[in-house]
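Me: I am new to this structure and would like to know how its labels are earned. Please set each value against its definition.

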Amino acid sequence: MPRFFSDEWVEEYMKLLNESKEYEEAVKDWEGDFLFVVEPDEDLKEPLYVYLDLYHGKARKGFAVKDPSEISAAFEFRGKYSNWKKLIAGEIDPIKGMVTGKFKLKGSMAKVMRYARAAKILVEIAQKVETEFPG
């Protein structure tokens, strides 16, 4: 079972994303890459980072990031580890999570809000990846 935000996890996530017709349809004109950041809390000692290049309904590239200073993504989505676990469990909606401050976005909020359905699909697909959570 892949560890959360490992290269194996990202590989499986991208495979499922690229197989999803629902996701492809929801973001058929999306262009933008993301740096996803898991901030440490009581169950996680070090931050975790994943880079995803999302383009026209497909994940073109993705990997676990060791040094986030080497990444220049159009968007950054970050939150505490406990909130990420709740997001993956379906207990937090990704858009409501941003509105309530559980997650923070760098980049065009207006653009992301136009793709709210896609954000939910991204989470639903992440839920399908068998995941070992650290801590």
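Me: Why is the pair Lys-106 and Glu-76 called a salt bridge?

Reply: A salt bridge is a side-chain nitrogen of Lys or Arg within 4 Å of a carboxyl oxygen of Asp or Glu. The closest N and O atoms of Lys-106 and Glu-76 are 3.9 Å apart, so the pair qualifies. This is a predicted model, in which local features need pLDDT of at least 70 and side-chain atom pairs count only at pLDDT 80 or more, while totals for chains, interfaces and linings use all residues. Residues are numbered from 1 along each chain as its sequence is written, and side-chain values use heavy atoms, with hydrogens and water left out.

Me: Which parts does the pair tie together?

Reply: Lys-106 lies in strand 5 (residues 103–106) and Glu-76 in strand 4 (residues 75–80), so parts 30 residues apart in sequence are tied together. Strands here are DSSP runs of E, at least two residues, and helices are runs of H or I, at least four, numbered from the N terminus. Salt bridges with shared partners join Glu-39, Glu-76, Arg-78 and Lys-106 into one network.

Me: What makes Lys-106 exposed or buried, and what about Glu-76?

Reply: Buried means under 20% relative accessible area, exposed over 50%, and partly exposed in between (1.4 Å probe, protein chains only). Lys-106 has 54%, so Lys-106 is exposed; Glu-76 has 14%, so Glu-76 is buried.

Me: How do you know that Lys-21 and Glu-24 form a salt bridge?

Reply: Their closest N and O atoms are 3.6 Å apart, so the cut-off is met. Both residues lie in helix 2 (residues 21–26), three residues apart, about one turn of the helix. Lys-21 is exposed at 62%, and Glu-24 is partly exposed at 25%.

Me: Which parts of the chain does the salt bridge of Glu-132 and Arg-3 link?

Reply: The side chains of Glu-132 and Arg-3 meet at 3.6 Å, N to O. The pair links distant parts, 129 residues apart: Glu-132 is in the segment after helix 6 and Arg-3 in the segment before helix 1 (7–19). Glu-132 is partly exposed at 36%, as is Arg-3 at 42%.

Me: Why is Asp-33 said to have no salt bridge?

Reply: Lys and Arg count as positive and Asp and Glu as negative; His and the chain ends are not counted. The nearest side chain of opposite charge to the buried Asp-33, Arg-60, is 7.5 Å away, so the salt-bridge condition is not met.
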